[in-house]
Amino acid sequence: MRNRKISLAWNLLVALAEDLASNSDDDTLVRGRRWMLKTISARGFRGAVEPVSVDFDTHPSLTVLHGDNGSGKSSLAEAVRVALTSNVGAAHLGSAPKDGLWHSNDFRSRGVPSSEIIVTLVDDHDPSCRLVITTLEHDTWVERTATLSDNGTVTPFASDSSEWAAWDLAVLANPPVLAYAELFNELRTEKDLHTWLTRCLSIDVATKQFDTAVIKIQAETKSAYDRIVNARMQAQASIDSANSAAITDGVGNVTSILWDEFYEETERDTWIEQYDLQRRVRQQVELPADQLVSLVEWARQFKTFLSNFNDSAASELTPAVIAQLIQLDNVLGGQPRTESCPVCGTPGEEWQSHLHARMPDFDTTRAATEALRTHCRQRTTELVAPMRRVLETLSSTAGNTSEIDNVTALIDKIAAVSSVDDLDPRVLLTLTEWCDWVTTDRAAQLITVAINSADRRHQWLCERWDATEPYLDAWNQDRAEPGTADAWNTARTRWNQHLKKLRTARSQTFADLVAARVAALLADVGLKVDALDVLKGKSTLEIVDSAGLPVDLSYLSAGQRNALILGPVLVAAEGGLFGFCILDDPVHAFDEFRVDQLASTMTSISENQALVIATHDGRFVEYLRVHAPSALTVFHTSRSADGQITLNMLDSPWLSVLEHANYLYIRGQKYGISDTGIQDIQSLLRMTADSVLEALFLRLNSAKSSTARSDARTKFDAAMTTKERIGYFRGSLDRTNPALSAFDRACNRIDAHLSAWNDAMHDSPCVTTADALPAQLADAKQFCQDIERLDGD
């Protein structure tokens, strides 16, 4: 029995998983996707007052945004995060710290009414598939919309689209944007650390949908019976009330309902049929029971009045003419006179006697005319209005739609001539047509249907169904097979046990990966992660030194703490929905050793992931050039006083300096060049040589231990001139290293210029003419290129 219960529990869990997996309507943006960052543009957002846009490589790569503080690097990184989450001011731990000192819920640039961020993502599996996310921030709200272009189909997503739920869970599981300094400020307590490590572990977010579904189903099956009983009691009370009201209103044959419990659909259907419970259209229009009779009677009277009018002897005369003739006879008083006929002018008395003889005919015609006119004048209230109510009732009742359409058109014709004379032929013709119709069997059938649909008994039957329907809905939804509720209790217990095993296994894998990253960053001090357990309610992080002794986290230096925090970040950056990761200021408080180690780690990660790094640290950029000379793209960021962020792609530092020296020379050729101008160019040439020698030093020493590197740095920095630095390399390079010969050949190109370049840096009198500058520029360029090609091994 126990095994069967467990088996049923697992079957329920498997069925639930399959059901969730098959319900793919709302995961269009995440299922099977790996989004790469293509472009980011921002306007009115933080430091980006004016529009700014950046394009990124959509393949594994390494991009650096390098600039001074306040140059816009963090604004661009934060713009991506806000666009992906539609959440302004949110922190890495889910909500801003309570003090809120360094956080804001408004990231609009100062003085602008709204900000706009547009992020374009490309699916790594199908580069033709693009997702454009647009996020607008106003005074009190943030709106995120998107457009997905996939295989020629363009799908828009509004701010309230259901697809955002799955998207937000995926972003929460593996956030692709991390502002390192902000995260460091948020990690204040063990609870904060647990929250952060749990997010990096991702398992809670990944299993949240399934876990929530299990808990929900268990709760629903447990309370299903109660909900059915409550719904039945409410239905019973409503029907009792409806029955009482119907009896009061004189409705006959009002039957009560016996509320038996039923467990099968056949029992339910029999119960519904027994009490004639069915959906009916509740009419809002009231029609009197004698509506058909009154309409037919109106038509009969119309035909009678029309017949009398047509049969009258003077019907050929208009009512106005008849009225004038009667008035004239009244004036004459029936007495013969000598006046001529007022119409044709004929003298004599005959026209007077003829007029007086026609008076009875005129009176009959006038009476018939007035009777018909009075009846026609009632057509709006006695015909059109009742028929409108009949048609309104019929519009929601199944019936002969063709007949209804014809009658509707006829009533519209009658209404259209409501403003013309009551005896106008158009009025009489349309009324005659309607009277012919209303006396047919078709008319009687339609009007009777309308009356029956609107009567009180019908309304009572509607009320009974309205009261019963919620109960039947609850029964249909909550009815469960016997034993299912108990099985779901077992299922949840088994799921929690399984989830614990999953967490333990994932935590161990996560710990191994984090330990490797932290060991690389803290190798110089021998610190390493000895234990990292991310449990359901608590996380444990233990550090030991090279002797295996525990080290309290409070004893770590700022740089060491940052390296420890960065370990989980680097691990989390290599998975999830996004094939890119943006790190803002990851070398905070790092010394040169850790900068070099992080540059090496970033280069390794960029082989499979597109990395975007925002930093103000020039050392970090140079070490990245050492480790990733071909895969690195560097943008220099700057920001003007009016909020215009500018990004310029940077080549090797020495090349930028040399290009400026060339620019000064060309300008001097055009406008003339002074001794001071010559010295400025020579100073730049020495800076060019020093820059490439600094890069060579980094390459030669990047693989050395921290102590050896520190000693080398001391000696190198002691070399104050370019000539002395060249001497440092000649003394430190192995005499058997082929690179030494190549180094000597490169240095020979500039040996003759070094004294002049050094003097120019110290404002000594200029002894060089402008004619010598082209050769010095060419030699400096060739020297830098030769040094840059040295592998340093």
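The second largest cavity of this predicted model is lined by Gln679, Gln682, Ala756, Asp759, Ala760, Ser764, Pro765, Cys766, Val767 and Thr768. Two elements give two or more residues each to this lining, namely α22, which spans 675–701, and α26, which spans 754–761. Of the elements involved, α26 gives the most, with three residues. The space enclosed by these residues has a volume of about 60 Å³. Sorted by class, the lining of the second largest cavity holds five nonpolar residues, four polar residues and one charged residue.

This cavity belongs to a wider set, since the structure holds six cavities of 30 Å³ or more. Rolling a probe the size of a water molecule over the atoms shows where empty space is left. In the largest cavity that space comes to about 100 Å³. The residues that line the largest cavity are Ala173, Pro175, Val177, Leu178, Trp196, Arg199, Cys200, Val569, Ala572, Ala573, Cys581 and Leu583. Four elements, β8 (177–179), α5 (190–201), α18 (558–572) and β12, give two or more residues each to the lining of the largest cavity, and the largest share, three residues, comes from α5. By class, the lining of the largest cavity is made up of eleven nonpolar residues and one charged residue, with no polar residue among them.

The strand β12, which contributes to the lining of the largest cavity, also leads into a loop that deserves a closer look. Where does Asp585 lie? Asp585 is found in the loop between β12, covering 580–584, and α19, covering 592–605. Most residues other than glycine have a negative phi. Asp585, however, has a phi near 60°, which is a positive value in a residue other than glycine. Is Asp585 buried or exposed? Because its relative accessibility is 15%, and buried means under 20%, Asp585 counts as buried.

Further along, Ala589 is likewise found in the loop between β12 and α19. The phi of Ala589 is near 65°, again a positive value in a residue other than glycine. Ala589 has a relative accessibility of 43%, and it therefore counts as partly exposed, a class that falls between the 20% limit for buried residues and the 50% limit for exposed ones. The loop between β12 and α19 thus holds Asp585 and Ala589, of which Asp585 counts as buried, whereas Ala589 counts as partly exposed.

Key: Residues numbered from 1 in each chain as written. Predicted model: local features only at pLDDT ≥ 70, side-chain atom pairs only at ≥ 80, totals over all residues. Heavy atoms only, no water. Buried < 20%, exposed > 50% of the residue type's maximum accessible area, 1.4 Å probe, protein only. 1 Å grid on protein atoms, 1.4 Å probe; cavity = no way out; pocket = protein on both sides within 12 Å on 5 of 7 lines; lining within 4 Å. Points joined across faces, edges and corners; volume = space filled by probe spheres on them. Nonpolar A, V, L, I, M, F, W, Y, C, P; charged D, E, K, R; others polar.
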